[in-house]
Amino acid sequence: MAIAIFLVTIALVIWQPRGLGIGCSALIGALLTVVSGRVSLLDILTIGSAVWNTTLTLIALILISLLLDEAGFWRWLALQVVGWGMGRGRLLFALVVLLAVLATWVLTNVGTALIWTPAVIEMLLVLRFSARASVAFVFAIGFIADAASMVLPTSSPVNIIATDYFDIAGLRYLMVMVPVTFVAIASSFGVLWFYFDRYIPPTYELQRLPPPRSAIRDPLLCQWGFAIFGLLFVGYGFAQVLSVPVSAIALIAALCLLALAGRWFDAKTTPVISLGKVWHRVPWQAIGFSLGMYFVVVGLGNAGLTLLLKQGLEELSHWGLTLTATGTGVLALSLSGAMNNLPGVLLNALALQDAIITEPISQEAMVYATIIGCNMGAKLMPLGSLSTLLWLNALAGKGLPIRWSHYVRLSSILTLPVLFLSLLSLAVWLPWLIA
């Protein structure tokens with residue numbers, strides 16, 4: 001029954017009959033899982049306790065991203081980047097990738113896929129770049145966002161779930177994952193440059209672009225944008241020290257921006273942007289997909305998948321640190337590709353918690369390898385991560401759709417080398433911290 005529900009849910013998500021959204025499909029699967037008794041009340045409480053912080057953080061950061069987008073902040077930034085590129089195509093490519101990394105550190109990989117991708121596409125259309133050149137730029141954004149998302153406990157929903165579930169201290173996470181993430185970013189940039197360099201035009205015409213200030217619709221909101229980013233960064237640090245949920249920091253920042261956008265402090269001033277429009281732009285289908293899949297996947301785990309994962313992880317723990325990390329990362333990649341990385345990381349965490357691992361360093365390596373596999377490895381398949389789903393949707397909305405077959409072929413070439421280098425760097429770096 002659990003397998004049948006899972007397969008039906010995935011079929012509905014891919015097929016989308018009569019325009020049925022991916023969120024509705026996953027929630028139907030969740031309802032069938034609950035009604036059929038595949039999950040218990042204790043399972044529901046476990047899911048709730050594991051994902052509430054992540055879900056609220058995600059919604060708050062999406063609201064911040066969309067509010068700034070409606071204000072013209074991201075279009076302004078894209079036009080600024082074009083000017084910084086000084087008419088040189090390869091410099092522009094490097095700057096676009098760098099901005100994607102910085103945006104991911106503050107707004108998560110989901111925020112980068114949702115906002116920075118459309119802004120860059122609009123910029124490329126104005127510059128009249130070819131379809132191949134445009135794909136090079138936007139694929140690099142989506143790819144580097146997932147590589148960069150491993151650096152902070154708050155840079156990805158996967159990280160928030162894992163750090164909450166295993167109660168990982170913020171400083172410990174940074175000590176382990178900062179070097180690993182920079183290996184992932186450097187290797188990602190290397191493979192992206194190697195593969196896409198032939199498609200990037202050597203020069204472009206700056207005269208085609210309007211002045212950056214023309215993109216701004218709400219100057220007040222744009223001026224406060226950088227302050228909000230600073231509040232988030234500083235707030236994340238205090239949240240780790242004081243054991244405050246990161247969702248509280250993200251929600252405070254979102255409320256501040258909502259108050260500025262709606263001019264709540266001055267009833268006589270008419271808001272420039274529509275908050276209702278922003279609310280309707282929130283990708284509720286994608287959020288519903290991740291929530292529904294938690295229940296479907298936990299039901300599958302109760303049917304025996306968690307036990308199989310537990311036995312596999314216990315066997316991997318005896319293979320030496322390098323193979324343990326690599327094997328766990330590949331396992332996390334497989335789960336993410338089949339069922340999305342958010343329920344995938346939860347299922348792997350449940351199995352890892354029950355597994356009997358004699359060596360503490362092996363257990364810690366498995367936790368971080370799961371994070372790497374569910375972030376970087378999830379790029380392999382279109383359903384692998386929430387950020388990829390939103391990225392594909394953003395491309396389709398801007399008239400640059402990518403077929404799933406083309407995506408998988410291209411992603412396989414680029415993802416696997418970066419994934420294995422990241423896992424290898426974890427296996428090399430972690431023993432130095434233990435020593």
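**Exercise 1. The pair α5 and α16**

Which hand does the crossing have where α5 passes α16, right or left? Work that out for this predicted model, then describe how the two helices pack.

*Solution.*
- Start with the hand: the crossing of α5 past α16 is right-handed.
- Next, find the geometry. Helix α5 covers residues 89-127 and helix α16 covers residues 386-397; their axes lie 8 Å apart and the packing angle is about 20°.
- Now put a word to that angle. Angles under 35 degrees count as roughly parallel, and α5 and α16 are therefore roughly parallel to each other.
- Then look at who touches whom. On the α5 side you have Asn109, Val110, Ala113, Leu114, Thr117, Pro118 and Ile121, and they meet Leu386, Ser387, Leu390, Trp391, Ala394 and Leu395 of α16.
- Finally, sort this contact by class: 10 nonpolar residues, 3 polar and no charged.

**Exercise 2. The pair α13 and α14**

Find the angle at which α13 and α14 cross, and decide what to call it.

*Solution.*
- The helices are α13 (residues 321-339) and α14 (residues 341-354), with axes that come within 7 Å and cross at roughly 135°.
- That angle falls outside the parallel, antiparallel and perpendicular ranges, which leaves oblique; α13 and α14 are therefore oblique to each other.
- As for the hand, α13 and α14 make a right-handed crossing.
- From α13, the residues Thr328, Leu331, Ala332, Leu335, Ser336 and Met339 reach Asn341, Pro343, Gly344, Leu347 and Asn348 in α14.
- Split by class, the α13 and α14 contact comes out as 6 nonpolar, 5 polar and no charged residues.

**Exercise 3. The pair α3 and α4**

Do the same for α3 and α4: how do their axes cross, and which residues meet?

*Solution.*
- Helix α3 (residues 41-71) and helix α4 (residues 73-84) have axes that come within 5 Å, crossing at roughly 70°.
- This makes α3 roughly perpendicular to α4, since 65 to 115 degrees is the range for that word.
- In the contact, Ser65, Leu68, Asp69 and Ala71 of α3 meet Phe73, Trp74 and Arg75 of α4.
- The class count for α3 with α4 is 4 nonpolar, 1 polar and 2 charged residues.

**Exercise 4. Two residues to place**

Say whether Ser25 is buried or exposed, and do likewise for Trp319.

*Solution.*
- Ser25 sits in helix α2 (residues 22-35). With 0% relative accessibility, Ser25 counts as buried.
- Skip the neighbours within four places in sequence, and Ser25 is in contact with Thr9, Leu12, Val13 and Leu20.
- Trp319 belongs to the loop between α12 (284-316) and α13. Its relative accessibility is 45%, so Trp319 counts as partly exposed.
- Check one long-range distance as well: the C-alpha atoms of Trp319 and Ser362 are 9.6 Å apart, although 43 residues separate the two along the chain.

**Exercise 5. The whole chain**

What is the helix and strand count of the protein chain, and how compact is the chain?

*Solution.*
- Count the elements: the protein chain has 17 helices and 0 strands.
- Compare radii: the radius of gyration is 21 Å, close to the 22 Å from the globule rule for 435 residues, so the chain is as compact as a globular protein of that length.
- Along the principal axes, the C-alpha atoms fill a box of roughly 60 × 50 × 50 Å.
- For burial, 58% of the 435 residues count as buried.
- Last step, contacts: take those with a separation of 6 or more, and 82% of them join residues 24 or more positions apart.

Terms used. Residues numbered from 1 in each chain as written. Predicted model: local features only at pLDDT ≥ 70, side-chain atom pairs only at ≥ 80, totals over all residues. Heavy atoms only, no water. Axes fitted to C-alpha atoms, helices over the stretch in contact; angles between N-to-C directions. Helix = DSSP H or I, 4+ residues; strand = E, 2+ residues; numbered from the N terminus. Parallel < 35°, antiparallel > 145°, perpendicular 65-115°, else oblique. Left-handed = near helix turned anticlockwise from the far one by under 90°. Contact = heavy atoms within 4.5 Å. Nonpolar A, V, L, I, M, F, W, Y, C, P; charged D, E, K, R; others polar. Rg over C-alpha atoms; globule rule 2.2 N^0.38 Å. Buried < 20%, exposed > 50% of the residue type's maximum accessible area, 1.4 Å probe, protein only.
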